[in-house]
Amino acid sequence: MVTMPKAYLDHAATTPVSGEVLRAMEPFFSKRPGNASSLHAYGREAKEALDSARAQVASALFCSPDEIVFTSGGTESDNLAIKGACLANRHKGNHIITSKIEHPAVLATCRFLEKQGFAVTYLPVSKEGFVSPQDVEGAITQKTILVTVMHANNEIGTIQPIAEIGKIANGKGVLFHTDAVQTAGKIKTDVNGLGVGMLSLSAHKLYGPKGVGALFVRKGVRLEPLAHGGEHERSLRAGTENVAGIVGLGCAMALAQKGMENEALREQRLRDRIIETALSEIGDSWLNGSRQSRLPGNANLGFKYIEGEGLVLLLDGKGIAASTGSACSSMRLEPSHVLTAIGLPPEDAHGSLRLTLGKGTTESQVDHLLEVLPGVVRKLRKMSPMRKGLEWKGTEAGHG
């Protein structure tokens with residue numbers, strides 16, 4: 001049996017389901033078993049639950065409930081948005097614009113569409129991970145039918161200038177999609193202020209259940225469904241709805257809006273303490289991503305002369321759960337595509353550590369992390385063949 005670590009600092013990978021969300025879901029597993037498409041009382045009860053959850057999600061995104069399509073999560077939402085929009089609008093053009101640091105759910109979908117005859121422009125990013133709105137504008141052609149840029153990066157936490165990009169895309173008459181899986185429920189995601197035509201989110205990133213998500217689809221946007229077989233979700237996503245999961249998503253979104261600003265400030269304070277202490281006490285270290293425009297709970301640190309996988313395993317032995325990057329690609333041996341895109345050489349990209357905080361993160365957990373992290377880094381460096389020529393000063397590697 002796996003026991004809960006002393007410090008769970010991997011909230012970007014997934015979050016624990018909150019007790020209130022779990023209680024909201026529980027009746028729909030057994031006591032309220034209806035199919036929302038059934039006409040009897042149980043079915044009507046399930047339909048009412050879906051309508052309520054749809055309204056909760058819409059309220060958090062500042063849109064209409066009939067603009068919310070429920071899915072199985074962020075990956076499906078991204079696929080439906082990108083494939084659906086391109087297949088429905090290929091008569092207008094075949095060009096897609098995205099960035100080099102998107103989540104694999106976006107990048108793999110774009111590569112699939114390239115095989116179907118679509119052309120994709122993969123925009124570079126700055127050393128802090130920003131997509132340039134001017135680059136987006138310069139890449140748009142008469143054949144461009146979609147721009148897809150994530151709201152905030154899942155690895156380095158950089159928050160993109162989505163509103164500015166949206167203004168450019170809308171001014172050119174190009175549909176704009178953003179993957180907001182890492183931002184929904186953590187920072188304000190007003191679809192109108194952001195200027196997006198579509199937005200993806202996932203319940204398990206905001207203290208809801210795994211296996212359920214949503215896609216905002218602005219009225220008038222045409223999509224080709226990926227699954228056929230029923231008229232569920234405005235005929236965009238055939239299949240019996242996951243009522244319990246959707247209820248959980250709605251509840252999680254509603255809860256996230258309560259005290260969001262205060263929680264963001266709390267996490268930001270803990271995050272800044274981690275960043276400042278780690279960089280001051282551990283030599284040959286740096287911060288990946290923007291120092292100012294980043295997610296409140298994201299600290300992505302780099303350390304020379306070590307392997308991030310070894311760091312994660314040693315921290316795990318100390319009761320600290322962290323990651324080297326995206327949980328979706330953490331088993332791959334090649335360096336993070338995000339870190340190489342911001343200009344890190346492969347050997348430095350391999351030495352990354354992603355620490356992501358959440359509602360359950362406490363001051364004492366951060367104390368524990370900062371107490372053990374320097375020693376763990378030092379231990380790995382002593383074993384590393386990459387540390388040849390490194391001078392040691394004091395209790396840690398020299399700054400340089």
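**Contacts between domain 1 and domain 2**

Across the interface of domain 1 and domain 2 in this predicted model, eleven residue pairs are in polar contact, both partners at pLDDT 80 or more.

Q: What makes a residue pair across the interface of domain 1 and domain 2 a polar contact?
A: A pair of N or O atoms must lie within 3.5 Å, one able to donate a hydrogen and the other to accept it. Eleven residue pairs across this interface satisfy the rule, so they are called polar contacts.

Q: How many salt bridges are there between domain 1 and domain 2?
A: The count is zero. A salt bridge needs a side-chain nitrogen of Lys or Arg within 4 Å of a carboxyl oxygen of Asp or Glu, and between domain 1 and domain 2 the count of such pairs is zero.

Q: Which elements give two or more residues to the side of domain 1 that touches domain 2?
A: They are α4 (104–115) and α9 (243–257). The largest share, three residues, comes from α9.

Q: Why are seven residues on the side of domain 1 that touches domain 2 called charged?
A: Asp, Glu, Lys and Arg count as charged, so the seven belong to these types. That side also has twelve nonpolar and eleven polar residues.

Q: How many residues of domain 1 are in contact with domain 2?
A: With heavy atoms within 4.5 Å as the criterion, 30 residues of domain 1 are in contact with 25 residues of domain 2.

Q: What area do domain 1 and domain 2 bury between them?
A: About 2200 Å², 58% of it on carbon and sulfur atoms. In domain 1, Glu-155, Ile-156 and Tyr-207 lose the most area to domain 2, together 33% of what that side buries.

Technical notes. Residues are numbered from 1 along each chain as its sequence is written. This is a predicted model: local features need pLDDT of at least 70, side-chain atom pairs count only at pLDDT 80 or more; totals for chains, interfaces and linings use all residues. Side-chain values use heavy atoms; hydrogens and water are left out. Buried area is the accessible area (1.4 Å probe) that two parts lose on being put together, summed over both. A polar contact is a pair of N or O atoms within 3.5 Å; within protein, one must be able to donate a hydrogen and the other to accept it, and residues adjacent in sequence count only if both atoms are side-chain atoms. Helices (H or I, at least four residues) and strands (E, at least two) are DSSP runs, numbered from the N terminus.
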